[in-house]
Amino acid sequence: MGCAQGKCCLPRDGEGGRGAGGGVPGGRGGAALGRAAVPGADLVLEYATLTVDGLYPDSPGRESQDAYLVGTRFAGNPDLHLFAVFDGHGASGTACAGFARDALPRLLLAADDDGGRGLAADPEAAFREAMVGVNTEMHAAAAVDDSMSGTTAVAALVAGGALHVANVGDSRAVAGVWREGRVAAEELSWDQTPFRADERARVKACGARVMSVEQVEGVRDPDAEGWLADEGDPPRVWARDGLYPGTAFTRSLGDLAAEGVGVIAEPEVKSVEISPSHLFFVVASDGVFEFLSSQEVVDMVAMHPDPRDACSAIAAESYKLWLEHENRTDDITIIIVHIRDAQNGATKRTAAAPGHQ
């Protein structure tokens, strides 16, 4: 969810967007499919994007704080393709997300000095250097006030026959994998929030208090740790002697005031080899995953052979669920990438789901 004050399309190659396909108010997406060959692995990626502006009745005209990036043939390498989502929060969240979207590819290129080959060889080091670099540049940027604002970042890099995912915050990437007669969700990132015991311990070691808003206000026992993900009052990161920053995540880009209590910009990186069982992957903001599980999202993608239709269906369901639980919705951004055989255009497992081919 962002800070305590609130959550605080299809581009051309290398283009990004901030947030209008059918079925949901304010949605933005591509009217055509994007395709990118991966010649080194004999694959073709077929992708679509969609961003839906959040509904905030108390803030009419509020600008979306989500941004995304699609960079095919990244670094001029036909086997490298980058897909990323950024979910801003705080008063300057829109500016922070846009800054990160623009800076990340530039700094990834700077971290690679070999036409993308070095990036593919050590993606973890490249992503770490680039995301920490984005954070440093954001702090120094006169046009962006990130003292109490920032953004998540989740980036998926297809590098030939491998998929590398770097994550900072609580946006998410997940793959649909054919296993035992069904499409199963394979997590490609881990949400970095105080719900995680390891992240909670890490920020506490940096001097943070971890409590929900009700605990801070004295309504609940301040020492209790039995938070429930669906109760609407998540654990947050607070300074030892102040009512800030109140972030519901433990890593981000920006959020200068939160760095002193352990909210860091270093990503977690996961790498997987793309197998014949990997059918697609999804990169999305937590506007999607707030009320939908990874498996539910994967099931919906598997029902739609066209990723544009899957984007619209997932966004519509997410929007509906938000309004069933609250009087607003978050911004929703989703990228869906199908992995197809370059020879016949089909997924490796054409029987993955009814109509999926």
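Valine 177 lies in strand β10 of this predicted model. The residue is buried, because its relative accessible area of 4% falls under the 20% limit. Its contacts reach two parts of the chain. Leaving aside neighbours within four places in sequence, valine 177 touches Arg182, Val183, Ala184, Glu186, Ser277 and His278. Serine 277 is 100 residues away along the chain. In space, the C-alpha atoms of valine 177 and serine 277 are separated by 5.3 Å.

Confidence in the prediction was examined next. The chain has a mean pLDDT of 89, and 86% of its residues reach 70 or more. Over residues 18-23, however, the pLDDT is below 50. This stretch still has 27 contacts in the model beyond near neighbours in sequence. Residues 350-355 also have a pLDDT below 50, with 10 such contacts. Where pLDDT is low, the predicted coordinates should not be read in detail.

Two helices were compared with their expected spans. Helix α1 covers residues 93-111 and has 19 residues. From its first C-alpha to its last, α1 reaches 26 Å, close to the 27 Å expected at 1.5 Å a residue. The helix is kinked by about 30° at alanine 103. This kink comes shortly before proline 105. Helix α8 also has 19 residues. Its end-to-end reach is 27 Å, close to the expected 27 Å.

Helix α8 has a set of buried residues, among them Pro307, Ala310, Ile314, Tyr319, Leu321 and Trp322. The elements that cover them include strand β4 (43-52), helix α6 (286-289), helix α7 (294-302) and strand β18. Cys311 is another of the buried residues of α8. Cysteine 311 counts as buried because its relative accessibility is 1%, under the 20% limit. Cysteine 96 is buried too, with a relative accessible area of 0%. A disulfide is a covalent bond between the sulfur atoms of two cysteines. A search of the whole structure finds zero disulfides.

Past α8 comes a loop that leads to β18 (332-341), and arginine 328 lies in this loop. Is arginine 328 buried or exposed? Its relative accessibility is 12%, so arginine 328 counts as buried. Its side chain makes polar contacts with two other side chains. The contact with tyrosine 56 is 3.0 Å. The contact with glutamate 326 is 3.4 Å.

Aspartate 191 also sits in a loop, here between β11 (182-187) and α4 (197-205). With a relative accessible area of 22%, aspartate 191 is partly exposed. Beyond neighbours within four places in sequence, its contacts are Gly169, Asp170, Ser171, Arg172 and Arg196. Arginine 251 is 60 residues from aspartate 191 along the chain, and their C-alpha atoms are separated by 9.3 Å.

Glutamate 214 belongs to helix α5 (residues 213-216). This residue is partly exposed, at a relative accessible area of 32%. Outside its neighbours within four places in sequence, glutamate 214 is in contact with Val219, Arg220 and Asp233. Proline 234 is 20 residues away in sequence, with 9.5 Å between the C-alpha atoms of glutamate 214 and proline 234.

Backbone geometry was then considered. Most residues other than glycine have a negative phi, and most peptide bonds are trans. Which peptide bond is cis? A cis bond joins tyrosine 244 and proline 245, with omega about -5°. Proline 245 is part of strand β14 (residues 245-247).

Positive phi values occur at arginine 73 and at glutamate 180. For arginine 73, which is not a glycine, phi is about 50°. This arginine is found in the loop between β5 (66-71) and β6 (80-89). Arginine 73 counts as partly exposed because its relative accessibility, 47%, lies between the limits of 20% and 50%. For glutamate 180, phi is near 50°, again positive in a residue other than glycine. Glutamate 180 is found in the loop between β10 (172-179) and β11. Its relative accessibility of 83% is over 50%, so glutamate 180 counts as exposed.

Methods
Residues are numbered from 1 along each chain as its sequence is written. This is a predicted model: local features need pLDDT of at least 70, side-chain atom pairs count only at pLDDT 80 or more; totals for chains, interfaces and linings use all residues. Side-chain values use heavy atoms; hydrogens and water are left out. A disulfide is a pair of cysteine sulfur atoms within 2.5 Å. Buried means under 20% relative accessible area, exposed over 50%, partly exposed in between (1.4 Å probe, protein chains only). pLDDT is the predictor's confidence in each residue, from 0 to 100. Contact means heavy atoms within 4.5 Å. Helices (H or I, at least four residues) and strands (E, at least two) are DSSP runs, numbered from the N terminus. A polar contact is a pair of N or O atoms within 3.5 Å; within protein, one must be able to donate a hydrogen and the other to accept it, and residues adjacent in sequence count only if both atoms are side-chain atoms. The expected span of a helix is 1.5 Å times one less than its number of residues. The bend at a residue is the angle between axes fitted to the seven residues ending there and the seven starting there.
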